[in-house]
Structure formats: structure tokens, C-alpha cells
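Welcome, and please open your viewer. We will go from stop to stop, and at each one you will get something to select and a short account of what is there.

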Amino acid sequence: MSEHIWIYHERQQALLCGQHALNNLVQACSFSPDSLAEIGVQLDEMELQMMAQNNEGGLRSKEYLARVAEGSGNVDPSGNFSVQVIRAALTNAYGLSLPNIRQQGALGSHDVTDVDGFICNKDSHWFAIRKINGRYWNLNSMQERPEVISHFRLAAEIQSLQDSGYSVFLVPPGEELPPECRASAMRERGLPQYWWREEDLVKGKSDAITGATDPWRNVGSGMRLDGRSSAIGGGSTGTSSNISSGNTVDVASMTEDEMLQMAMQASLETVAGEGGASGGDDGDAIGIGIGDDVPVPPEPDTSDKDAVRIQFRLPDGGRVVRRFRKADTVGGVYSFVRETSAGSGKLELRAGFPPVDLSSKASQTIDEAKLSGESIQCRYI
């Protein structure tokens, strides 16, 4: 079986185009609405703190009071994020900058075709353009599929976007984006329905193969080529694909209200309700003492190359950010929350969008569970 080049292209959900633009740029499902919103809240707090310190009158100044009254300047309830959030997310996760293409020195002595990735913004819409396997692709989440842009047309396309009112930001030449997907195993970093086989797109096939329809997608994973499980009970042991595998909801065909309702329902869903989907009473019994026998892992130094940051919304409403090592288990994360916040009953941790219960991932490492940079919601039930 020969490997293919795969292109990741998230489709529009609600007004989360900023999230989709980032994920399409890095070719992975790396950013969630929760993690981006948390960055927005942190930026708001920093801006207010600076205004309180620098403006005459401090907390009573007209500027400060007006800024408080207008609400967040970095994120709104519909899921739209500011460029400061987009930049901070990309810098925090990948160490990449994102200057405006009009900024002096942004391109240096390079040509526009030396740039590997762009993010474009107009009003509240964001989308990415990314070089993959030597070709540029328009990864606009409003489009059904990725669209190729020739090298010859790239400069004209960028200029046309600017002429129509778009702000164009770029990943400067010399800064490296994550590698493109050149193996089926690498598709685990994204949701299966958003992967497209490059050769089909180049040929303009109307029935282009995606990660969800690839007949080889389950080879070696205990699945048959027809997509049915070869394991007893048909259970799944995946990690990030748990959100989109199994009984999948076709979010692309849902209205914005339906998607928001699905997210709210998932975040309020009881653990008992989840027990039947993950194995019945045994799953509930296992979840009661998650992390009880796992010590709280020591916090690594910021210089540790294996250190990752996780943000927590604690049961009392407080927020805390803590470093862990990639090899620490999710069970250790439960122990940390239990030690940090007093409470009674069963501790429930949820992450992602829609928020997914982490109890089934207790034995996984933080790296395997893809919790690096995530925002975790905590509560006792």
C-alpha cells in the first residue's frame, strides 16, 4: 500500500472560523474554542490591568470604565476571536509569529511564494492559505473542499484579497509550520472527515477520498475494511478520534443553533448517561476513584522540552494554569485537580468542543490524550 499526501480542511461550524483557520494552517486539530477563549480572557485581563496602572485615575478613569462596559475585546459569545488571540495561540503552541504582510520587514528580501502559510481576515471571517507538497491551497472553511492556487496566481490572489478589504497575515520565511501529512498514521492529529487525499483534489475528482471514506483507514486498528469492528463488542480504543467516531453527528449539515445546542447538551450530560455508551456500569464504577492511586506529578520547569501547559476552570469557578510533562497520565491530572480544589462526590473533567468526559482516558498520557494547551472544565457531581 503506497502512502498519499493528505490535506486537512475543517469546515465551518457556528462562527468558529478563527479556530478553523488556525487548525487548517497547522494541519491538525490543535486548537479548541475553549483554549482560544481562555487566551482571550487572559488578554482582556492584561489589557485592563495595564489601563488601570497607566491611566490617570486608575480604576475610576473614564477609559477604564468604558473598556469594562464594552466587554471582551478579544472574544465574543459567538466564537469570534481577535487577531491578538490568533497570534498568541500560534505563538504559544508552535513558537510562530504572524505579522501583517504590509508590516515593514515582514517579507524581508523574500518573495510571496517563499511563504508557507497565510491567515486572512475580513470583518469576522478568517481563513488560511497553506503550502502543501509544493502547492498552495485555499483552506477557507466556508468552501466544501480545499482549492489549489498556482504559484503564478498566488501574488495576484493575495493582492486581490487586500484590495477587497482583507488583512493578510503571514508566517515569516524561515519559521517552520508543522509538517504536512504524508502517512495515514499522521491523520490521527485531525478529525477523519476533514482529511482530503491530495491527488484526488488535483485531478478534480467529484468523489475525492477523505479520511472518513478512505478504505485503508482502519487497517491495523482492529477494524475491517468495511468499517465494522473486528473486536468483540465493536468498542473503540482511540484517542482524539473518540469525538468524531462511532455514532457521528454530521455537524456540517446542522444549523448554528443546533450545533450550539449539541455543545451545551454534551457539557451538561451526566456521567450515568455516558456509562451506557462506554460500557455500562463498569465504566461508572471505574470513574468513581479516578486518580485516587496516582500521585500528583511534580511540576516541570519551563525549560523542560517535554513540559506542556493545561488550563483549568475549577469547580469553584477559579482558573489556574499548570505545567505537566507529556508522559504524565491523565489520572495524575485528576489527582492535581482533587488536591487543588476541595469538593465532594465524583470529580468530572471535560475538555474539547463539545466537551468530552476524560474518565475513559485516565490511563493515557497527556500526550496521547492530546491535552497539551487544552482548557479543562472541572466539577464535582
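Which residue stands opposite Arg 350 in β11? Select Arg 350 and look across to the neighbouring strand: the residue you want is Asp 357. Before going further, keep in mind that this is a predicted model.

**Stop 1: strand β10 and its neighbours**

Select residues 347–351, which make up strand β10. On one side it pairs with strand β11, residues 356–357, in the antiparallel sense, and two bridges hold that pairing. Now add strand β12, residues 375–380. β10 and β12 also run antiparallel, and four bridges join them. To see one of these, pick Leu 347 and find its bridge partner in β12, Tyr 380.

Is β10 mostly covered or mostly open? Mostly covered: five of its five residues are buried. Show the side chains and turn the strand around. In a regular strand the side chains alternate between the two faces of the sheet. Here, Leu 347, Leu 349 and Ala 351 are on one side, with Glu 348 and Arg 350 on the other, and both faces are covered.

**Stop 2: a salt bridge between two strands**

Stay with Glu 348 and add Arg 379 to your selection. These two residues form a salt bridge, and their closest N and O atoms are 2.6 Å apart. Arg 379 belongs to β12 and Glu 348 to β10, so the salt bridge ties together parts that are 31 residues apart in sequence. The partners differ in how they are covered: Glu 348 is buried, at a relative accessible area of 2%, while Arg 379 is partly exposed, at 29%.

How many salt bridges does a search of the whole structure find? The count is twelve. We will visit two more.

**Stop 3: a salt bridge from strand to loop**

Select Arg 325 and Asp 304. They form a salt bridge with the closest N and O atoms 3.1 Å apart. This pair links distant parts of the chain, 21 residues apart: Arg 325 is in strand β9 (residues 319–325), and Asp 304 is in the loop between α9 and β8. Both count as partly exposed, Arg 325 at 32% relative accessibility and Asp 304 at 25%. Now add Lys 305 and Asp 306 to the view. Salt bridges with shared partners join these two residues, Asp 304 and Arg 325 into one network.

**Stop 4: a salt bridge within a helix**

Next, select helix α5, residues 151–163. Inside it, the side chains of Arg 153 and Glu 157 meet in a salt bridge, with 3.9 Å from N to O. They are separated by about one helical turn because they are four residues apart in the helix. Arg 153 is partly exposed, with a relative accessible area of 42%, and Glu 157 is partly exposed too, at 24%.

**Stop 5: two positive phi angles**

Most residues other than glycine have a negative phi, and most peptide bonds are trans. Select Asp 123, in the loop between β2 and β3. Its phi is near 55°, a positive value in a residue that is not glycine. Asp 123 is exposed, with a relative accessible area of 72%. Then move to Asn 133, in the loop between β3 and β4. Asn 133 also has a positive phi, of about 55°, and it is partly exposed, at 30%.

**Stop 6: looking for disulfides**

How many disulfides does a search of the whole structure find? It finds zero. Two cysteines to select are Cys 181, buried with a relative accessible area of 0%, and Cys 29, partly exposed at 33%.

**Last stop: colour by confidence**

Finally, colour the chain by pLDDT. The average is 77, and 70% of the residues score at least 70. Where is confidence highest, and where is it lowest? It is highest in strand β4 (residues 135–138), at 96, and lowest in α9, at a mean of 39. Select residues 218–257 as well: pLDDT stays under 50 there, and the model has 41 contacts beyond four places in sequence for this stretch. Residues 269–288 are also below 50, with 17 contacts beyond near neighbours in sequence. Where pLDDT is low, the predicted coordinates should not be read in detail.

Note on methods
Residues numbered from 1 in each chain as written. Predicted model: local features only at pLDDT ≥ 70, side-chain atom pairs only at ≥ 80, totals over all residues. Heavy atoms only, no water. Salt bridge = Lys/Arg side-chain N within 4 Å of Asp/Glu carboxyl O. Buried < 20%, exposed > 50% of the residue type's maximum accessible area, 1.4 Å probe, protein only. pLDDT = per-residue confidence, 0-100. Contact = heavy atoms within 4.5 Å. Disulfide = S-S within 2.5 Å. Pairing = 2+ DSSP bridges.
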